[in-house]
Amino acid sequence: MGVLYLVSLLLGITCMLLLDHRFRLFFWHDAKAAAIVTAVGVLFFLGWDAAGIGLGIFLRGEGTIATGILLAPELPLEEPVFLLFLTLCTMVLYTGARRLLSLAPGKRRQRERENA
Amino acid sequence: MTYLWLAFLFVAAAIVAGVVFARQGARTGESRRHWQAVGLAFAALAVLTAVFDSVMIGMELFHYDSSHILGLTVGLAPLEDFAYPLAGVVALPGLWMWLSRRRDAVAKSNLKGLVPQAILASRPVSWINTAYPFAAAMLLTTREIDWVLILGTFYFLIPYNLAMYGINDVFDYESDLKNPRKGGIEGALLQPHLHRPMLLLAALTNVPFLLVLALAGGPAAWLSLAVSAFAVVAYSVAGLRFKERPVLDSLTSSTHFVSPAVVGLAIAGADVTPGLLILLAAFFLWGMAAHAFGAVQDIEPDRQAGIGSIATVIGARRTVRLAVVLWLVAGLAMLATPWPGPLAVIIAVPYIVNCAPYWNVTDTTAARTNTAWRRFIWLNYGSGFLVTLIFILHWSLTS
């Protein structure tokens, strides 16, 4: 019984939200759309987990850093938190990549104008 | 290997959703940058997965049944685990792009009225005709109400009809313009700017239910769901247009109503008995007769629009007679089923009485059969009532 894993996940989520806040990427860009994407993402992954658990593929470990609290057979409390983190991480990486891609050519063009 | 198939299924669903979302959501020239960003994000996610999945497995947070996985690993992470970030990064950014674009004022006002239109288009008065066969077939087999029964009944009540009539109205737009009968209880004209959103709505409301129902059953359920979904699409979609192919039109239309029952039986794992097969065959004949008779009233507009149907090909009189004979055969077939099935023979009587006055109808007077067609829609409720009484009797006799 431990809370290390859960705390790490919550810290990870906090970091994603800080990045989101700093660069206005996801929730701080369009909160309603972000909420829908997050809900769809977490439910999609949970459905996948449920299917894997149902087919007997996914098994919970006895790791000492987990709380051991189960929401359903083989589905620990930490799993939806992890899936939330995965969804946020995915969206922050994507929106961040879009930002970088849209900045890069703009800067180049700006430099070209300055050189001309 | 099981995990690989599972991952494949979910990744495939994610790719389809991602591509559809991206096509709907991308502004001109935005698509390339979208997929570049998806690629970059996946590269980063793959590295993170390799590292942290290994750490999490190393810490014994979870593990896998080794008989279900390929055995290829990156660090400690099984190769299949990379399917999670792949599916997420393919589907979710597309959804994001589509949602944030949709929320831009212009697109938003255009979609106004989609859901009310979709509901009107789906003929709520006939929803019960597809939900009832599924629910009855499944309940009479399993004798209990579980989540699959509730989910499946809801699916065949609303999303299934949204798809069937939504797709139909999109591809029927041209011919419906010429038909004054559309626009009320029997159908609604769908504005062209709602055509693409309507098809998207049909896909989004159907695919998840089909996947879950498929997971709840075995190969028989997969096959019957596939036939059911195919019949829904093939009936009206451009290129197939089974509704314009005489005889095939009646067969497909009947499949729309019989296949939900077959899906229910397949998911419930019913025993295939001669009595059950006769019952399904009688139901199928009933459905064919219903479709053929319904086509008679549209002979004139269909011919003017250059559309073929069983009625335009064999003529009004012979179609009406065929329908009456099919109902008669369906009723008589029920006499061959175990008790209390033979009671169902009386259900054929009102249909025959309703249509017999048109025994000598001609192509020019065919439109008059609309009177009988309107009665037909309500007759179905009476038949449903009688069928339910027979099912209750069957239930009490066999429990």
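Start with chain B: among its contacts between residues at least 6 apart in sequence, 74% join residues at least 24 apart. Keep in mind as you explore that this is a predicted model.

**Stop 1: chain B as a whole**

Colour chain B by secondary structure and you should find 18 helices and three strands. Turn the chain around: its C-alpha atoms fill a box of roughly 80 × 55 × 30 Å along the principal axes. Of the 399 residues in chain B, 49% are buried.

**Stop 2: two helices side by side**

Now select residues 147-157 of chain B, which are helix 7, together with residues 159-171, which are helix 8. How should we describe such a pair? Two packed helices are described by the angle between their axes and the distance between those axes. Here the angle is about 25°, and the axes of helix 7 and helix 8 of chain B are 3 Å apart. Angles under 35 degrees count as roughly parallel, so helix 7 and helix 8 of chain B are roughly parallel to each other.

Show the side chains where the two meet. From helix 7 of chain B, pick Phe154(B), Tyr155(B), Phe156(B) and Leu157(B); from helix 8, pick Pro159(B), Tyr160(B) and Asn161(B). By class, this contact has six nonpolar residues, one polar residue and no charged ones.

**Stop 3: a buried threonine**

Next, select Thr319(B), which you will find in helix 16 of chain B, residues 316-334. Is Thr319(B) buried or exposed? Its relative accessibility is 0%, so Thr319(B) counts as buried. To see what surrounds it, display Ala292(B), Val296(B), Ile310(B), Ala311(B) and Ile314(B): these are its contacts once neighbours within four places in sequence are left aside.

**Stop 4: a glutamine in a loop**

Move on to Gln297(B), in the loop between helix 13 (274-296) and helix 14 (299-304) of chain B. With a relative accessible area of 6%, Gln297(B) is buried. Try your distance tool here: from the C-alpha atom of Gln297(B) to that of His193(B) is 29 Å, and the two residues are 104 apart along the chain.

**Stop 5: over to chain A**

Bring chain A into view. Chain A has three helices and three strands, and along the sequence they follow the pattern α-α-β-β-β-α. Buried residues make up 44% of its 116 residues. Among the contacts in chain A with a separation of 6 or more, 64% are between residues 24 or more positions apart.

**Stop 6: rings that meet across the chains**

Highlight the aromatic side chains. Over all chains, the whole structure holds 32 aromatic pairs. For one of them, zoom in on Phe58(A) and Tyr64(B): their ring centres are 5.8 Å apart and their planes stand at 80°, so the pair is edge-to-face. This pair crosses between chains, from strand 1 of chain A (residues 58-60) to strand 1 of chain B (residues 62-64). Both Phe58(A) and Tyr64(B) are buried.

Now widen the selection. Phe44(A), Phe45(A), Trp48(A), Phe58(A), Tyr3(B), Phe10(B), Tyr64(B) and Tyr84(B) form one aromatic cluster.

**Stop 7: charges over rings**

Finish with two arginines. In chain A, the charged end of Arg22(A) sits over the ring of Phe23(A), 4.6 Å from the ring centre. In chain B, look for Arg143(B), which lies over the face of Trp395(B), at 4.6 Å from the centre of that ring.

Methods. Residues are numbered from 1 along each chain as its sequence is written. Chains are lettered from A and ligands numbered from 1 in the order in which they are written. This is a predicted model: local features need pLDDT of at least 70, side-chain atom pairs count only at pLDDT 80 or more; totals for chains, interfaces and linings use all residues. Side-chain values use heavy atoms; hydrogens and water are left out. Axes are lines fitted to C-alpha atoms, for helices over the stretch in contact, and angles run from 0 to 180 degrees between N-to-C directions. Helices (H or I, at least four residues) and strands (E, at least two) are DSSP runs, numbered from the N terminus. Angles under 35 degrees count as roughly parallel, over 145 as roughly antiparallel, 65 to 115 as roughly perpendicular and the rest as oblique. Contact means heavy atoms within 4.5 Å. Ala, Val, Leu, Ile, Met, Phe, Trp, Tyr, Cys and Pro count as nonpolar, Asp, Glu, Lys and Arg as charged, and the others, Gly among them, as polar. Rings of Phe, Tyr and Trp (its six-membered ring) pair if their centres lie within 6.5 Å; planes under 30 degrees apart count as stacked, over 60 as edge-to-face and the rest as tilted. Buried means under 20% relative accessible area, exposed over 50%, partly exposed in between (1.4 Å probe, protein chains only). A charge sits over a ring if NZ of Lys or CZ of Arg is within 6 Å of the ring centre and within 35 degrees of the ring normal.
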